[in-house]
Amino acid sequence: AIIGNIDDQGQMSALELSIDHKPFRECEKARVLREGGKIEKSLVDDKEVGPLRVWKQDEDIPGIAITRSLGDLIAHKIGCSAEPEVKMKELDEDDKFIVMGSDGVWDVMSSAEAVGFIMLNCEDKETAAQKLVEECRERWELLNEIKRKQTQMVLEQQETDKKRQLEKMNQLEKNIVCD
């Protein structure tokens with residue numbers, strides 16, 4: 001959560017009220033490991049990809065990239081917590097709005113960007129949340145399209161490499177047969 005407020009210089013700024021609950025944070029990692037979970041990246045073709053995730057020791061589930069969640073019964077058994085970190089702040093006249101979002105927002109937009117986006121694109125409070133969600137969704141889709149294209153390029157390169165190897169092997173076989 002962040003508060004969009006006016007800072008000491010009269011500029012709009014983002015005051016962070018929370019910190020992402022991710023497996024790379026030492027305190028979060030320690031709890032998950034202590035409770036029997038493991039923290040690793042996903043494996044695709046024996047290569048680590050993506051962010052760190054929380055897994056059961058003996059199964060490839062749940063594979064979530066957060067260490068706190070509500071209602072995830074599997075994750076709760078291996079150290080993910082529903083317990084919030086609480087920070088108190090008394091609101092004052094410099095605090096203009098609060099943004100509460102999940103990793104669906106914060107993975108694609110910084111706190112400062114969220115404040116700037118709302119200030120530039122949202123005339124009223126009623127449309128602010130909807131426009132922010134739409135922007136984050138577009139960014140998420142763009143990032144995933146880029147990742148898909150990169151993956152496709154890698155797979156195409158691997159396929160090309162395999163074809164070259166097969167051609168070389170066929171040529172070697174021909175040379176062996178001819179000799």
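**Exercise 1. Decide whether R137 is buried, partly exposed or exposed, and then describe its salt bridge with E141.**

Solution. Start with the classes: buried means under 20% relative accessible area, exposed means over 50%, and partly exposed lies in between, with a 1.4 Å probe and protein chains only. R137 has a relative accessible area of 46%, so R137 is partly exposed. The model is a predicted one, in which local features need pLDDT of at least 70 and side-chain atom pairs count only at pLDDT 80 or more, while totals for chains, interfaces and linings use all residues. Residues are numbered from 1 along each chain as its sequence is written, and side-chain values use heavy atoms, with hydrogens and water left out.

Next comes the partner. A salt bridge is a side-chain nitrogen of Lys or Arg within 4 Å of a carboxyl oxygen of Asp or Glu. The side chains of R137 and E141 meet in such a bridge, at 3.0 Å from N to O. E141 has 38% relative accessibility and therefore counts as partly exposed. Both residues belong to helix α5 (residues 125-178), where they are four residues apart, about one turn of the helix; helices (H or I, at least four residues) and strands (E, at least two) are DSSP runs, numbered from the N terminus. Elsewhere, salt bridges with shared partners link K22, D103 and D107 into one network.

**Exercise 2. Find the class of each partner in the salt bridge between E40 and K38.**

Solution. The closest N and O atoms of E40 and K38 are 3.9 Å apart. K38, at 17% relative accessibility, counts as buried, whereas E40, at 36%, counts as partly exposed. In the whole structure, a search finds 13 salt bridges.

**Exercise 3. Work out the strand order of the open sheet, and name the helix that packs on it.**

Solution. Two strands pair if DSSP finds at least two bridges between them. Three strands form the open sheet in the order β2-β1-β6, with antiparallel pairing. The edge strands, β2 (12-16) and β6 (95-99), each pair on one side only. From one strand to the next the twist averages 25°, where axes are lines fitted to C-alpha atoms, for helices over the stretch in contact, and angles run from 0 to 180 degrees between N-to-C directions.

Now look at one pairing: strand β1 (residues 2-6) is joined to β6 by four bridges, and N5 has D95 in β6 as its bridge partner. Finally, the helix packing on the sheet is α4 (residues 111-121), which touches β1, β2 and β6, contact meaning heavy atoms within 4.5 Å. The direction of α4 makes about 135° with that of β2.
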